[in-house]
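Open the structure in your viewer and keep the selection tool at hand. We will go from place to place, and at each stop you will hear what to select and what is there.

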Amino acid sequence: MHPGFRNSDGTTRILYLWDQSASTEASYGRIPAGYTQGAEYNKDDIDEALAQPDMASSLKIVPVSDRGSGHGTAVAGVAAGNGASSPGGRYRGVAPESSLIVVKLGKQGSSFALTTEIIEAIDYVVRKSIILNMPIAINLSFGNNDGPHDGNSLFENYIADIKGIWKNVVVVASGNEGDSRHHASIKIENGRSQMVSFAIAENEINIQLQVWKHYQDVFRININAPDGSRIDLNYQAGKADTYITGNSRIVVFYGEPSPYTISQGIFMKWMPARNMQYIMPGVWNIGFEPVDIRYGIVNMWLPTIEVIGLSTGFLSPSPDTTLTIPAAARNVITVGAYNAATSSMASFSGRGNTTDGRYMPTLVAPGVDIISAAPGGRYSSNTGTSIAAPFVTGSAALLMEWGIVRGNDPYLYGDKVKAYLIKGARWLPGQTGVDTQAGWGTLCLKDSLPV
């Protein structure tokens, strides 16, 4: 219903809206063909809802709204809002006349959407763009720390493969983990034990720590609690073990290589034990005792700040390789954030490179104090790489309009768009080359147009 996503005659610019989180009642007869959940609404449905005399009547026809933080509304506003209801249309987005396909992701209880739901969402919008015979720029302002950050997870491989289907560009936010202290990296050598320390803040209910290593490396792990107790982990690939120390219960699972990566993940989850409400706070130590080391690089990630905040973190963190997943995927445009008012990097912006050595992020866009659409027809200030990414998504849409829609270049999609954006990017003050913070520099669509 936001004016920023409507045409001048009041009709919607949203061609399709799929609410994956819709109730069973709302889903009746509206589950998109080929999928198993949610409710789909088309432009006619939305226009009918917009023609109603009040919001209650509108919501009976299309019972979908942004009742959360307004994250999706703000992201869409930067990419494609037209600024309607803002003074003089001042807060319009990058591609203000574009059509939209919107997917409201499902949620499992109070948790974030499953990656399988995001895969289905991407599949859905690509299928629709083929039916509509329209190029599509896909925005993913989403990320987590669940994986080896080498672009080889099943989720990331799916996104990378999308490049070969239809005329699309996929843009991903690099995440807000740059200064979170949620990543640590060490080099283990034969004959020398090492220890990594991290603090768990007060009132944490559960914490997950992921340890990623090359499968051929073998080492023993011990966990030392703040109360001085110690547990030695048993190595049993493919099996979970539970340990009790202090007032905390720790579940450990040793993963195996997959068809997609040679890396091995070791997953540790802290939970309260013995009827306790919270995990034991304080400094925890993870000890590594080498047995047979051939490569030696070990990376560790705690959950993102959206899950645990900034008080829990490593005591000796690594700020690099703090981009979130799926920002490490191949064939995507990964976007970090900078402060346009000061022409400086945002300290929170997730950094590269990937653990397999690929340059990341691709480039950076404004991501600090950006005014965009908010629920209720309002506009509000937003900060984060989630807000930087849609600047690039809207720019990709404009490039494809110039090339494909206007007939200047029918092949201007995928990596060709990425190449043009890289060529047009400008160095930040003091930047002398591609780096792990700003990538190839700041977005400049004017210099990216091949004219």
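Here is a tour in seven stops through this model, which is predicted.

**Stop 1: a six-stranded sheet**

Start by selecting β6, β15, β8, β13, β12 and β11. In that order they form an open sheet of six strands with antiparallel pairing. Color β6 (183-187) and β11 (240-245) to mark the edges: each has a single partner strand, so one side of each is left without a neighbour in the sheet. From one strand to the next, the twist averages 20°.

Now zoom in on β12 (residues 248-254) and β13 (residues 263-272). Seven bridges pair them in the antiparallel sense. To see one such pairing, show Phe-253 and its bridge partner in β13, Phe-267. As background, strands of a sheet pair through backbone hydrogen bonds, either parallel or antiparallel.

**Stop 2: a five-stranded sheet**

Next, select β10, β9, β14, β7 and β16. This is an open sheet of five strands, in the order just given, and its pairing is antiparallel. Its edge strands are β10 (230-232) and β16 (313-314), each of which pairs on one side only.

Inside this sheet, pick out β7 (residues 194-200) and β14 (residues 282-292). They pair in the antiparallel sense over seven bridges. Which residue of β14 is the bridge partner of Ser-197? Select Asn-285 and you have found the partner.

**Stop 3: strand β5 and its partners**

Select β5 (residues 168-173), a strand that is mostly covered, with six of its six residues buried. Turn on the side chains: Asn-168, Val-170 and Val-172 point one way, while Val-169, Val-171 and Ala-173 point the other way, and all are buried. This fits a general pattern: in a regular strand the side chains alternate between the two faces of the sheet.

Add β4 (residues 136-140) to the selection. β4 and β5 run parallel and are joined by five bridges; look for Asn-139 opposite Val-171 in β5. Then add β17 (residues 333-339), which pairs with β5 in the parallel sense over three bridges. Here Val-172 stands opposite Thr-334 in β17.

Before moving on, show α6 together with β4 and β5: the three make a right-handed β-α-β unit.

**Stop 4: two helices side by side**

Keep α6 (residues 154-161) and add α5 (residues 115-132). Their axes come within 10 Å and cross at roughly 5°. Angles under 35 degrees count as roughly parallel, so α5 is described as roughly parallel to α6.

What makes the contact between them? On the α5 side, show Thr-115, Ile-118, Ile-119, Ile-122 and Asp-123; on the α6 side, show Phe-155, Tyr-158 and Ile-159. By class, the contact has six nonpolar, one polar and one charged residues.

**Stop 5: Ala-328 and His-149**

Go to the loop between β16 and β17 and select Ala-328. Is Ala-328 buried or exposed? Its relative accessible area is 0%, so Ala-328 is buried. Now add Gly-151: it is 177 residues away from Ala-328 along the chain, yet their C-alpha atoms are separated by 4.7 Å. Leaving aside neighbours within four places in sequence, the contacts of Ala-328 include His-149, Asp-150, Glu-156 and Arg-358.

One of those contacts deserves a click of its own. His-149 lies in the loop between β4 and α6, and at 0% relative accessibility this histidine counts as buried. His-149 also has a positive phi of about 60° although it is not a glycine.

**Stop 6: some backbone details**

Most residues other than glycine have a negative phi, and most peptide bonds are trans. Select Asn-331, in the loop between β16 and β17, for a positive phi of about 65°. Asn-331 counts as partly exposed, at 30% relative accessibility.

Then move to the loop between β18 (344-345) and β19 (363-366), where you will find Asn-353. A cis peptide bond joins Gly-352 to Asn-353, with omega at about -5°. Pro-361 lies in the loop between β18 and β19 too, and a cis peptide bond joins Met-360 to Pro-361, with omega of about -5°.

**Stop 7: Ser-58**

Finish at helix α3 (residues 55-61), where you can select Ser-58. Ser-58 counts as buried, at 2% relative accessibility. Beyond its neighbours within four places in sequence, Ser-58 is in contact with Met-1, Ala-49, Leu-50 and Gln-52.

Methods:
Residues numbered from 1 in each chain as written. Predicted model: local features only at pLDDT ≥ 70, side-chain atom pairs only at ≥ 80, totals over all residues. Heavy atoms only, no water. Pairing = 2+ DSSP bridges. Helix = DSSP H or I, 4+ residues; strand = E, 2+ residues; numbered from the N terminus. Axes fitted to C-alpha atoms, helices over the stretch in contact; angles between N-to-C directions. Parallel < 35°, antiparallel > 145°, perpendicular 65-115°, else oblique. Contact = heavy atoms within 4.5 Å. Nonpolar A, V, L, I, M, F, W, Y, C, P; charged D, E, K, R; others polar. Buried < 20%, exposed > 50% of the residue type's maximum accessible area, 1.4 Å probe, protein only. Right-handed = clockwise from strand over helix to strand, strands pointing away.
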